[in-house]
Amino acid sequence: MTQRISPEQSKGTGGGTCFFLLNLATQIVVVSLLAACSMGQMVVRGSQSIMDSGIDAMNQETDPELAREASPANLKMLEGLILEDPENATLRLYAAQGFHGYAFGFVEQDDPQRAAGLYRRCYEHALVALKKTGFSVDPETADVTSLEAAVQDVDTNGVPALFWTASCQAKRVDMNRNDPASLSQLSSAAILMRRVLELDETYFHGGAQMFFGVYYGGRSPMFGGNFELAAEHFQRANDINEGKLLTVDVLYAEFLARQRFDQEAFHNRLTRVIEAPDDLYPEMALANILAKQRAEYLLSMEDDWF
């Protein structure tokens with residue numbers, strides 16, 4: 001039932017008038033928001049929880065061929081959504097993670113040049129998200145002092161953007177190891193990733209710890225490597241994942257053991273990966289299956305490398 005408000009009840013209180021003005025103001029705000037946000041943007045933003053579930057489903061996939069075949073269509077769908085909402089940082093990070101995972105898991109081993117292009121797209125998506133945090137410099141061109149100052153302004157909310165920008169930048173460098181100009185970008189990626197370590201070392205399964213395991217383990221001490229530090233970072237990554245993420249041991253073998261010419265560690269780590277139970281880490285089943293495939297490839301190169 002609607003209760004009528006008599007003129008006498010509203011006299012001297014302004015109640016009816018205030019209610020009317022408040023209601024009118026609310027309608028104006030709603031209309032303004034709808035005008036500023038297209039129907040496409042509203043659909044995109046309303047579907048982000050579904051995308052979260054899609055990422056979980058992909059991580060749990062146990063058929064790598066199905067994941068390989070599904071990934072390009074998923075990535076193009078994401079880029080289509082980004083065209084509707086280009087400033088959406090969450091979508092940009094989904095795309096960065098997707099391009100990184102696809103390139104690392106399915107492309108770089110067979111086609112490094114194509115992988116470099118995919119990592120470039122990964123980087124560009126992540127950088128948009130990073131700039132949405134207020135990050136004001138370009139990691140590819142900024143000097144060390146400016147870059148170090150800029151990362152200090154990023155708080156924990158910016159960890160995902162820092163992580164994926166640095167990860168994609170570093171992998172693009174990894175695909176162009178013979179290009180001195182490209183190699184100079186590695187130190188910029190490290191500055192971003194050090195801030196991730198400071199803010200949340202556990203983000204993305206200890207990804208920053210794995211980054212520095214590779215960063216210090218993949219180069220000789222003459223060129224800035226530090227095998228002891230690399231081993232510590234890999235151990236910390238294993239601790240974070242309780243030894244269940246097989247990617248850690250694969251990266252240890254590929255970058256640290258190989259650089260040390262430690263054939264025993266190389267062979268034992270990769271053998272342990274291959275022999276690990278298939279259900280070791282159901283939430284990251286696809287990553288572990290791909291780690292096993294990469295371990296088999298690396299072991300096939302053992303006689304050539306040692």
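R258 lies over the face of W305, at 3.7 Å from the ring centre. K244 does likewise with Y281, at 4.7 Å from the ring centre. The rule for a charge over a ring is this: NZ of Lys or CZ of Arg within 6 Å of the ring centre and within 35 degrees of the ring normal.

A word on the source. This is a predicted model, where local features need pLDDT of at least 70, side-chain atom pairs count only at pLDDT 80 or more, and totals for chains, interfaces and linings use all residues. Residues are numbered from 1 along each chain as its sequence is written, and side-chain values use heavy atoms, with hydrogens and water left out.

Now the overall fold. The chain has 17 helices and 0 strands. Those are DSSP runs, numbered from the N terminus: helices are H or I with at least four residues, strands are E with at least two. The chain holds 306 residues, and 42% of them are buried. Buried means under 20% relative accessible area, exposed means over 50%, and partly exposed is in between, with a 1.4 Å probe and protein chains only. The accessible surface is about 16,300 Å², and carbon and sulfur atoms own 55% of it. Those areas come from the Shrake-Rupley method with a 1.4 Å probe; for residues, only the protein chains shown count as cover.

Take contacts with a separation of 6 or more. Of these, 65% are between residues 24 or more positions apart. Contact here means heavy atoms within 4.5 Å.

Next, the rings. How many aromatic pairs does a search of the whole structure find? The search gives 14. Y102 and F106 make one pair: centres 6.0 Å apart, planes at 50 degrees, so it is tilted. The rule: rings of Phe, Tyr and Trp (its six-membered ring) pair if their centres lie within 6.5 Å; planes under 30 degrees apart are stacked, over 60 edge-to-face, the rest tilted. Y102 and F106 sit 4 residues apart in helix α6 (residues 89-107), so about one helical turn separates them. Both Y102 and F106 are buried.

A second tilted pair is F266 with F306: 4.9 Å centre to centre, 55 degrees between the planes. F266 is in helix α15 (residues 263-275) and F306 is in the segment after α17 (302-305), so the pair ties together parts 40 residues apart in sequence. F266 is buried at 0% relative accessibility. F306 is partly exposed, at 28%. There is also a cluster: ring pairs link F163, W164, Y203 and F204.

On to charges. The count is 17 salt bridges. The criterion is a side-chain nitrogen of Lys or Arg within 4 Å of a carboxyl oxygen of Asp or Glu.

Which residue forms a salt bridge with E108, the closest N and O atoms being 2.7 Å apart? That is R294. The two are in distant parts of the chain, 186 residues apart: R294 in helix α16 (residues 285-300), E108 in the loop between α6 and α7 (112-131). R294 is buried, at 10% relative accessibility. E108 is buried as well, at 7%. Both belong to a salt-bridge network with K171, D174 and E254.

R120 has two acidic partners to discuss. With E124, the closest N and O atoms are 3.1 Å apart. E124 and R120 both lie in helix α7, 4 residues apart, about one turn of the helix. With E140, the N to O distance is 2.5 Å. That bridge links distant parts of the chain: E140 is in the loop between α7 and α8 (144-151), R120 in helix α7, 20 residues apart. These three residues are partly exposed: E124 at 39%, R120 at 26%, E140 at 22%.

Last, the nonpolar cores. In soluble globular proteins, nonpolar side chains tend to be buried together. A core here is a set of buried Ala, Val, Leu, Ile, Met, Phe, Trp, Tyr and Cys residues joined through side-chain atoms within 4.5 Å. The largest core has 74 residues, and F135, L192, M193 and F211 touch the most other members. Helix α7 gives the largest share of this core, 10 residues.

What does F135 contact, leaving aside its neighbours within four places in sequence? L130, L147, A150, V151, V154 and L192. A second, separate core has 6 residues, among them L78, L81, I82 and L91.
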